[in-house]
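Welcome, and please load the model in your viewer with side chains switched on. We will go through a few selections one by one.

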Amino acid sequence: MSSQAQPPRQLFFVYAPDKAEDGTFERRMSVRPKHLETAKERSAQGLVRLGGGLMTPESIESADAPKKLIGSTFIFQAASLEEVKKLVEEDIYYTSGVPPEVSTQWDAEKLVILPFAAATMP
């Protein structure tokens, strides 16, 4: 058994908007099952405390309104900002481009990852 203490884990807010170009929503939906699988794994590991898709305001105008996802947001709990950045950059929404480092989903230029101080949390 290791006697080394784990580094303290900090909360981080992640805002990952989708690119605003034709075909982005269709690309999102084509890789969404893999993205959700990864999110569930990270949640089970305690890395993702909260996560979900951002929708347009029109998405909630009525019960049968089409839901249009336009990005993602997360609350991560990790040892460092670099760890969160690495986890985000490994997500299929980030790596599904050609070449892989050019995301076809999330707009890497607008990605926000910041330390987060929770005022309330379950």
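A residue counts as buried under 20% relative accessible area, as exposed over 50%, and as partly exposed in between. Keep that scale at hand, and remember that this is a predicted model.

**Stop 1: the strands**

Select residues 10-17, which make up strand 1, and add residues 69-78, strand 3; the two pair in the antiparallel sense over 8 bridges. Zoom in on Q10 and you will find A78 of strand 3 standing opposite.

Now keep strand 1 on screen and add strand 4, residues 112-115. This pairing is also antiparallel, with 4 bridges. Which residue of strand 4 is the bridge partner of F12? Label P115, and you have the partner of F12.

**Stop 2: a salt bridge in helix 1**

Next, look for charged pairs: the structure holds 4 salt bridges. Select residues 24-44, helix 1, and show K34 and E37, which sit 3 residues apart, about one turn of the helix. Draw a distance between their closest N and O atoms and it should read 3.8 Å, within the 4 Å cut-off for a salt bridge.

Is K34 exposed or partly exposed? Its relative accessible area is 42%, so K34 is partly exposed on the scale above. E37, at 40% relative accessibility, also counts as partly exposed.

**Stop 3: two salt bridges in helix 2**

Move on to helix 2, residues 81-90, and pick K85 and E89. They are 4 residues apart, about one turn of the helix, and form a salt bridge whose closest N and O atoms are 2.5 Å apart. K85 is partly exposed at 40% relative accessibility, and E89 is partly exposed at 27%.

Staying in helix 2, select K86 and E90, again 4 residues apart and about one turn of the helix from each other. How far apart are the closest N and O atoms of this salt bridge between K86 and E90? The distance is 2.6 Å. Colour the two by accessibility: K86 has 52% and therefore counts as exposed, the limit being over 50%. E90, with a relative accessible area of 40%, is partly exposed.

**Stop 4: the network**

For the last view, keep K86 and E90 displayed and add R42. These three residues are linked in a network of salt bridges, so the K86 and E90 pair from the previous stop can be viewed as a part of that network.

Definitions and conventions. Residues numbered from 1 in each chain as written. Predicted model: local features only at pLDDT ≥ 70, side-chain atom pairs only at ≥ 80, totals over all residues. Heavy atoms only, no water. Pairing = 2+ DSSP bridges. Salt bridge = Lys/Arg side-chain N within 4 Å of Asp/Glu carboxyl O. Buried < 20%, exposed > 50% of the residue type's maximum accessible area, 1.4 Å probe, protein only.
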